Each structure stands twice: as C-alpha cells, then as structure tokens.
Amino acid sequence: MSDGQVIKLRLSLMGRPVRNYTFEKPVISVGRDPGADVYVDNPGVSRDHFRLERTAEGEYQVVDLGSANGTFVNDQMVNTALVHNNDVIRFGKYTLWVGYEADRRSSERGRPVVSPMSDTMGHTVVLSRAELGSIFEQEKRSGAPRVVSVQTPAAPAPRRAIPAWVGLAAGVLVGLVIGAVVLWLVLQRPTLS
C-alpha cells in the first residue's frame with residue numbers, strides 16, 4: 001500500500017457491527033489472544049486465528065495460522081488468499097469486512113485508529129436514534145455495506161427480588177392448610193363400632 005493508504009476493517013457478530021478498525025501497519029493479528037490487533041474473545045476463534053500481511057503490491061493477504069475452525073474469504077475456506085476492497089473474511093461467528101482507502105485522519109504510523117464503538121467489545125450497546133442515524137450516515141458516505149436489519153429489543157420489565165422469608169411463610173401456610181384439611185377429613189370419617 002502506498003503512503004497515505006489504510007486498511008479499514010469492520011468486525012461484525014452474526015451481521016451486527018461490533019467494532020471498526022483502521023490500520024497502516026504491515027501485519028495485523030486476529031484471534032482470541034488479548035494481545036491481538038483484532039481481539040475476539042469467543043471459543044469459536046483460535047488464540048492465533050489468522051493474520052493480515054501486506055504484500056509488495058500493497059494489498060493484504062489472509063494467512064490462516066492453523067485455526068481449529070478455519071478462515072473463509074467470501075465463503076471460500078483459505079489458507080492464504082489476497083483480500084480486495086469489499087471482501088469479507090469469516091472466522092467462527094464473526095466477519096471482517098475489508099476496505100482500502102486514503103488516510104483522512106492523522107494517527108501515529110502503524111497504530112489503529114479505532115471508532116467510538118471500540119470500547120464496547122463484549123458489551124451490550126444501546127444507541128439513540130441520533131447515534132444510529134450518525135452511524136448509517138457514515139456508512140453511506142464511506143460506501144460500506146449496510147446492515148440489513150437492526151432490531152431494537154424491548155426493555156424487559158424490572159424484576160424485583162422476593163425476600164426469602166416470603167417463600168418460607170408461603171411454605172408454612174400451605175403446610176398448615178394441608179394439615180387442617182387432612183385433620184378435618186379424619187374427623188369427618190364415620191367411626192366403626
């Protein structure tokens with residue numbers, strides 16, 4: 001890649017965007033290792049799953065590192081393969097969308113420029129309509145593929161804990177009622193003389 005070019009990666013879990021990355025570095029590691037450039041804490045992802053290596057021509061290639069579940073580029077299992085603009089790398093339940101573009105931001109050479117969603121890895125994120133609109137607007141401007149559907153889960157009703165004494169009292173009360181019914185039935189039985 002010539003100077004001023006960056007590789008952009010969009011990590012998604014089952015079609016839902018999780019995190020965006022921008023790199024200038026020649027080797028990008030992906031895996032479950034917390035030291036990986038793209039860290040994914042999921043048992044379906046190997047510790048050192050694959051890496052992206054810049055070629056002499058400036059494009060990146062995927063190099064599978066002997067992962068247990070394999071690495072796929074555009075749904076084709078690969079050991080090594082070039083990745084082009086808009087290619088999709090799948091590993092486990094995750095996908096990485098790949099894009100190349102001119103660097104519009106300043107960053108230290110080789111360091112990732114991470115989107116605001118970067119510190120949400122592994123957490124549930126609730127976005128306002130304005131934030132969602134901003135994300136869609138950024139995607140429209142960048143020409144990146146759009147999310148097909150966004151589901152907004154309804155907030156569950158708050159659950160209140162039931163104190164332990166309530167359960168105990170209910171158990172005692174049921175026991176007394178059953179005992180009283182049994183005693184009444186015994187007393188109502190005609191005696192044999």
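Which residue in β4 is the bridge partner of Val30? In this predicted model, the partner of Val30 in β4 is Val38. The pairing belongs to a parallel association in which two bridges join β3 to strand β4, residues 38-39. Val30 also takes part in a second pairing, its bridge partner in β5 being Phe50. Here strand β3 (residues 27-31) and strand β5 (residues 50-54) are antiparallel and share four bridges. Strand β3 thus pairs with β4 in the parallel sense and with β5 in the antiparallel sense. Both arrangements are available to strands of a sheet, which pair through backbone hydrogen bonds.

The confidence of the prediction varies along the chain. Mean pLDDT for the protein chain is 79, with 71% of the residues at 70 or more. Over residues 116-122, pLDDT stays under 50. For this segment the model has 11 contacts beyond four places in sequence. Where pLDDT is low, the predicted coordinates should not be read in detail.

Two helices and 11 strands were assigned in the protein chain. Read from the N terminus, the order of elements is β-β-β-β-β-β-β-β-β-β-β-α-α. Of the 193 residues in the chain, 31% are buried. The accessible surface amounts to about 13200 Å², and carbon and sulfur atoms account for 57% of this area. When contacts between residues at least 6 apart in sequence are considered, 42% of them join residues at least 24 apart.

An open sheet is formed by six strands, arranged in the order β2-β1-β11-β10-β7-β8 with antiparallel pairing. Its edges are β2 (16-23) and β8 (76-78), each of which pairs on one side only. From one strand to the next, the twist averages 30°. Within this order, strand β10 (residues 88-91) and strand β11 (residues 94-102) are joined by four bridges and run antiparallel. Arg90 has Thr95 as its bridge partner in β11.

The structure contains five salt bridges. One of them connects Glu101 with Lys8, with a distance of 3.9 Å between the closest N and O atoms. Distant parts of the chain are linked by this pair, since Glu101 lies in strand β11 and Lys8 in strand β1 (residues 5-13), 93 residues apart. Lys8 has a relative accessible area of 18% and is therefore buried, the cut-off for that class being under 20%.

A further salt bridge is that between Asp75 and Arg90, whose closest N and O atoms are 3.4 Å apart. Asp75 is located in the loop between β7 (71-73) and β8, whereas Arg90 belongs to strand β10, so that the pair links distant parts of the chain, 15 residues apart. The two partners fall into separate accessibility classes: Asp75 is exposed, with a relative accessible area of 57%, while Arg90, at 29%, counts as partly exposed. Arg90 accordingly combines a side-chain link to Asp75 with a bridge to Thr95 in β11.Glu53 and Arg51 form another salt bridge, the closest N and O atoms being 2.4 Å apart. Arg51 counts as partly exposed, at 30% relative accessibility.

Definitions and conventions. Residues are numbered from 1 along each chain as its sequence is written. This is a predicted model: local features need pLDDT of at least 70, side-chain atom pairs count only at pLDDT 80 or more; totals for chains, interfaces and linings use all residues. Side-chain values use heavy atoms; hydrogens and water are left out. pLDDT is the predictor's confidence in each residue, from 0 to 100. Contact means heavy atoms within 4.5 Å. Two strands pair if DSSP finds at least two bridges between them. Axes are lines fitted to C-alpha atoms, for helices over the stretch in contact, and angles run from 0 to 180 degrees between N-to-C directions. Buried means under 20% relative accessible area, exposed over 50%, partly exposed in between (1.4 Å probe, protein chains only). Accessible areas come from the Shrake-Rupley method with a 1.4 Å probe; for residues, only the protein chains shown count as cover. A salt bridge is a side-chain nitrogen of Lys or Arg within 4 Å of a carboxyl oxygen of Asp or Glu.
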